[in-house]
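Let's take a walk through this structure together. Have the sequence and the 3D view open side by side as you read.

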Amino acid sequence: MIKTRITKLFGIERPIVQGGLMWVAKSELTSAVANAGGIGFMTALTFPEPEGLRAEIHKCRQLTNNPFGINLTFLPTLRPPDYPAYINVCIQEGIRFVETAGRNPEPYMDQLKSAGIKVIHKCTSVRHAVKAQKIGCDAVSIDGFEAAGHPGEDDVTTMILVPLTRDAIDLPIIASGGLGDGRGLVGALGLGADGINMGTRFVATQEAPVHANVKQALVDHNERDTRLIMRTLRNTERVMHNPVVDKVLEIESRGNTQIEDIVPFVSGLVGKEMLEQGQMEKGILAAGQTLGLVKDIPTCQELLDRIMAEAEKIIREKFSQVITD
Ligand code: NAD
């Protein structure tokens, strides 16, 4: 057993977090992670209306008795959401943990904290982690440059971000970006984290509610198969390479790009169809460099069992061999 401030904060067995994944982090996946001893966050914006989130919370509770949370992402979006209404649903449904991501969650902290909700802020720089501590967050998830989705604009890797964040704040830290196995878990703990967050690795699991082609594509691609789009909009997104990504990059290379120029290619609704129907050249798919570590499609239980066994073996056997008097 590996017990950390993260297992204590959430009341879970294993320091492994399934972070918000647009269109993917729904009850099937999140409950499977919870039942395997980790914690998952269902992504609120996956449900176009707050009532959809409420129904999914009910569904998740049918599937697990273990804790789970809700992800709220604050980033530019084509369909601006009613964040207070989503938070109200969380409060009314007795959700105890919210993962905020992207922009500063400060405008919503009073609403969240006055309901006793623990806030885990996912950010991509040390300065934003310091701010998260200052405004009353309960933990920080720090997202390195390897990560899928929006890894920020500073291009600092997990290897550097985690120890610097450890030096800068007292809160529990979840390392995120480039993590997919027990070696990563041990490495992250060594760098000063209290647990790990995985995204790409969890999409390639039996329970992830996406088409089989998507899972197989994650297995078939490697660590060199991601690209960064929307850099020109300062809203960088790491995605899996395909012809649509090349088209977006070509448009961006012309200069003076506006979001309208690339909407048909990057729209989340197109991505949703791709995830559901498995047409891998239809739109874009967020994916991290962890692609290189994804070699199979296990159940969440098998994945978490394997990660913990591997981590414990490294700590018990390898570390004891390398220390000499
Ligand atoms: P969407 O369809 O609203 O937008 C598609 C993409 O365009 C998103 O990456 C979005 O950030 C970007 N975008 C939209 N308007 C923009 C603008 N004015 N300037 C710059 N970029 C703009 O997105 P969606 O797929 O429905 O996702 C909803 C929200 O969840 C978005 O904010 C998205 O960024 C976010 N998301 C976050 C992650 C993550 O890594 N945290 C992953 C997927 C989606």
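What follows looks at the ligand and its surroundings, and then at a pair of strands.

Please keep in mind as we go that this is a predicted model. A good place to begin is the ligand, which has 19 residues around it. Among these, P76, T77, L78, R79 and G268 come nearest. If you sort the shell by residue character, you will find 10 nonpolar residues, 7 polar ones and 2 charged ones. The shell also draws on both parts of the protein: domain 1 (5–210) and domain 2 (212–289) each supply at least three residues.

Now zoom in on three of the nearest residues, beginning with T77. An N or O atom in the T77 side chain sits 2.8 Å from an oxygen atom of the ligand. With L78, it is the backbone that takes part: one of its N or O atoms is 2.7 Å from a ligand oxygen. For R79, turn to the side chain again, where an N or O atom lies 2.6 Å from an oxygen atom of the ligand. How much of the ligand's accessible area does the protein cover? On its own the ligand has 760 Å² of accessible area, and the protein covers 85% of that.

Let's leave the ligand and turn to the strands. Strand β4 spans residues 97–102 and runs parallel to β5, with 5 bridges joining the two. To see one of these pairings for yourself, find E99, whose bridge partner in β5 is I120. Strand β5 itself, residues 118–123, is mostly covered, with 5 of its 6 residues buried.

Key:
Residues numbered from 1 in each chain as written. Predicted model: local features only at pLDDT ≥ 70, side-chain atom pairs only at ≥ 80, totals over all residues. Heavy atoms only, no water. Near = heavy atom within 4 Å. Polar contact = N/O pair within 3.5 Å; in protein donor to acceptor, adjacent residues only side chain to side chain. Areas by Shrake-Rupley, 256 points an atom, 1.4 Å probe, with all protein chains shown as cover. Nonpolar A, V, L, I, M, F, W, Y, C, P; charged D, E, K, R; others polar. Domains from an automatic or database assignment. Buried < 20%, exposed > 50% of the residue type's maximum accessible area, 1.4 Å probe, protein only. Helix = DSSP H or I, 4+ residues; strand = E, 2+ residues; numbered from the N terminus. Pairing = 2+ DSSP bridges.
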